[in-house]
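This report is for a first-year student who has the chain in view. Please look through the model before reading on.

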Amino acid sequence: MSAATLLTPATSAESDGRPAGLVARADERSYVRVLVVLDTTILITALLIGYVTRFGDDEPTGSEVPYVLVAPGLVLAWLISLKALGCYDDRVIGYGADEYRRVSSASLRLAGAIAIIGYIADVGVSRGFLGITFAVGTVGLEVARFAARKRLHRARSVGAGWSRKVLVVGDTAHVLELVHTLRREPYAGYQVVGACIPDALLAPVAQRLGDVPVVGSFRGIPEAATAIGADTVAVTASGELTATRLRRLGWQLEGTGVDLVVAPALTDVAGPRIHTRPVAGLPLIHVEAPEFRGARKLVKGLVDRSASSFALALLLPLIAFVALAIKLDSRGPVLFRQVRVGRGGQEFGVFKFRTMVVNADAMLAELTARNETDGLMFKMRQDPRVTRVGRLLRKWSLDELPQLVNVLLGQMSLVGPRPPLPSEVARYDGDVARRLLVKPGMTGLWQVSGRSDLSWEDGIRLDLYYVENWSLAADLTILWKTFGAVLNGRGAY
C-alpha cells in the first residue's frame with residue numbers, strides 16, 4: 001500500500017479541556033505518589049517485622065540504641081536511596097526490568113553503607129534486626145512494585161492509566177513500523193497521538209497516515225507537538241532528517257517539557273548487547289554478537305539439569321495422579337512421544353502426557369481446513385481429538401510435565417524457543433532457522449505472551465528475540481511469568 005492511499009481525510013480530534021501532555025504529567029505524578037506511599041508502608045511494615053522478630057514484645061536489653069529514632073531515620077534514608085538511584089524516574093517505572101534492579105540496588109547499597117558506618121562508629125544496632133528488616137523490606141518493595149505495575153498495565157491496555165503521548169517523526173514507512181511496534185505492547189505506556197512526515201499534505205482538514213493523524217511536516221515539529229499535547233517526540237529514520245536538523249530539534253524542545261527520543265532502525269536487540277561509544281562527536285552504537293557457547297551456556301545447562309531433577313522429585317505425586325486420570329479417561333498410553341527438532345537440527349523424542357485420542361494423527365487430514373492459525377502450525381480451539389482430561393491438562397500446561405525428562409537428558413532447556421516438528425523445519429527459511437541455534441524450551445517468550453493466541457509471525461519474532469538476547473536473568477523472569485500465564489489460562493487449547 002502506498003503512502004498516498006494511506007493518507008485519507010479525517011476530522012480533528014476533540015479536546016477535553018486540558019492538553020493531553022498536562023493530563024499525562026498529572027497522571028504520572030499521581031502514580032509516583034502512589035509508589036512513594038506503597039514504599040513507605042512496606043518499609044514501616046518491614047521495620048515492625050524486624051523488631052518483633054528480633055526482640056519480641058520486650059524492650060532490647062543491654063543496648064543504648066534508641067530504636068524509636070532509628071526506625072524513622074532508616075525509613076527516610078531508604079526512601080532517599082530509592083530516589084537517588086532513580087527508582088521514581090519516569091524513564092524506568094512501569095516497564096522493563098531496570099526498575100526492579102534499581103530497587104534492589106538501592107536497598108543493598110544502603111544496607112552496605114549502614115554496615116560500614118555501624119562498624120566504624122561502633123554503633124550497637126542489632127545485626128539480626130537490620131538483616132530481617134532489609135530482607136523483608138527488599139522483597140516487599142519488589143512485590144509492591146510488581147503489583148502496582150500490573151494494575152498500571154491493565155489500565156493502559158484499555159486506554160486508561162498514565163501513558164506518554166507520542167508524536168512520531170520520520171518517513172512514511174518507518175513511522176508505520178514504529179507505530180505498529182509501540183501498539184504491539186500498549187502496556188509499555190507509549191500512546192501515539194500524531195505523526196510528522198516530510199511530505200505532509202496541505203489540506204483544509206487533517207490528514208491521517210493509516211489511523212494516525214498527520215499533524216505537520218518536519219518544518220514545524222515543536223509546534224505540532226504543542227498543538228496535540230504530546231509530551232514525547234519519537235524520531236525514526238528519514239533521509240531528510242539530517243544530524244544537523246535533529247540537533248536543532250533538540251535545541252527547540254529545550255524547556256518545553258517535551259522529551260526527545262530516537263528510535264534507531266536496529267530492532268529486537270536487548271539493552272545488554274548495546275553499548276554507546278562517542279567517537280568524533282558521534283554516539284556510535286556497538287552491538288555485541290549473540291552468545292551461543294561459553295561459560296554462560298555451561299551454567300545454563302547445569303541450572304537446567306539441576307532444576308529439572310529437583311522439579312521431578314517434587315512433582316512426582318502430581319505426575320502419578322495425572323497419569324492415573326489419563327488412564328481412566330480414555331483408551332491408550334499415558335505418555336505421548338513425538339519427534340521434534342532440537343539445537344543444530346538434531347531430532348529427539350519429546351515426552352508429553354497424552355491429551356488426544358489414539359488415532360489423532362489419522363484425523364488431522366480431515367481437520368486441516370479448520371485450522372485457526374496462520375503459518376506452519378495447526379491449532380484449533382475446539383479440537384475434537386482432545387480428550388476430556390486432555391483439555392484440563394492443556395489449560396494448566398500439565399501435559400508438558402514429562403518434558404522435564406528431556407531437560408534432564410540435555411535435549412531441551414527450561415526456557416527457549418518452542419520445539420518444532422520436522423515438517424515445520426523442512427519449510428523454514430534462513431531467518432526462521434536461527435531458532436535452531438539454541439535448545440528448545442519447555443517455556444519461553446511465546447508461552448508468556450499469548451501461547452496459541454499468537455500469530456505465526458509473532459511467535460517466530462519472539463523466538464528469534466530470545467535466541468539473540470538470552471540471559472540467565474531473562475530466563476528467571478520468563479519462568480516467573482510462566483506461572484502467571486498458566487494460572488491465567490489464556491491461549492491454552
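Two strands pair if DSSP finds at least two bridges between them. Helices (H or I, at least four residues) and strands (E, at least two) are DSSP runs, numbered from the N terminus. This is a predicted model, in which local features need pLDDT of at least 70 and side-chain atom pairs count only at pLDDT 80 or more, while totals for chains, interfaces and linings use all residues. Residues are numbered from 1 along each chain as its sequence is written, and side-chain values use heavy atoms, with hydrogens and water left out.

**Overview**

The protein has 16 helices and 13 strands. Of its 493 residues, 40% count as buried, where buried means under 20% relative accessible area, exposed over 50%, and partly exposed in between (1.4 Å probe, protein chains only). Among contacts (heavy atoms within 4.5 Å) with a separation of 6 or more, 72% are between residues 24 or more positions apart.

**Parallel strands**

Strand β2 covers residues 164–169, and six of its six residues are buried, so the strand is largely enclosed by the rest of the structure. In a regular strand the side chains alternate between the two faces of the sheet. In β2, Arg164, Val166 and Val168 lie on one side and Lys165, Leu167 and Val169 on the other, and all of them are buried.

β2 is joined to β3 by six bridges, and the two run parallel. The chain gets from β2 to β3 through helix α6 (residues 172–184), in a right-handed β-α-β crossover. Right-handed here means that, with the strands pointing away from the viewer, the path from the first strand over the helix to the second runs clockwise. β2 also pairs with β6, and β6 in turn pairs with β7. A right-handed β-α-β unit is made by β6, helix α8 (residues 243–253) and β7.

The table lists the three pairings, each with one pair of facing residues.

| Strands | Bridges | Sense | Facing residues |
|---|---|---|---|
| β2 and β3 (residues 190–196) | six | parallel | Leu167 and Gly194 |
| β2 and β6 (residues 232–235) | four | parallel | Val168 and Ala234 |
| β6 and β7 (residues 259–262) | four | parallel | Thr232 and Asp259 |

**Single residues**

Ser107 is in helix α4 (residues 98–121). Its relative accessibility is 1%, so Ser107 counts as buried. Apart from neighbours within four places in sequence, Ser107 touches Trp78, Phe134, Thr138 and Leu141.

Ala77 belongs to helix α3 (residues 67–84). With 29% relative accessibility, Ala77 counts as partly exposed. Ala77 and Ile114 are separated by 37 residues in sequence and by 10.0 Å in space, C-alpha to C-alpha.

Ser397 sits in the loop between α12 (388–395) and α13 (403–408). Ser397 is not a glycine, yet its phi is positive, at about 60°. Because its relative accessibility is 10%, Ser397 counts as buried.

**The cavity**

On a 1 Å grid over the protein atoms alone, a cavity is a set of points where a 1.4 Å probe fits but cannot get out, and lining residues have an atom within 4 Å of a point. Grid points are joined across faces, edges and corners, and a volume is the space filled by probe spheres set on the points. The structure holds one cavity of 30 Å³ or more. The largest cavity has a volume of about 40 Å³. Its lining consists of Val341, Pro417, Arg418, Pro420, Arg435, Leu436, Val438, Lys439 and Pro440. By class, six lining residues are nonpolar, none is polar and three are charged. In this scheme Ala, Val, Leu, Ile, Met, Phe, Trp, Tyr, Cys and Pro count as nonpolar, Asp, Glu, Lys and Arg as charged, and the others, Gly among them, as polar.

Definitions and conventions:
1 Å grid on protein atoms, 1.4 Å probe; cavity = no way out; pocket = protein on both sides within 12 Å on 5 of 7 lines; lining within 4 Å.
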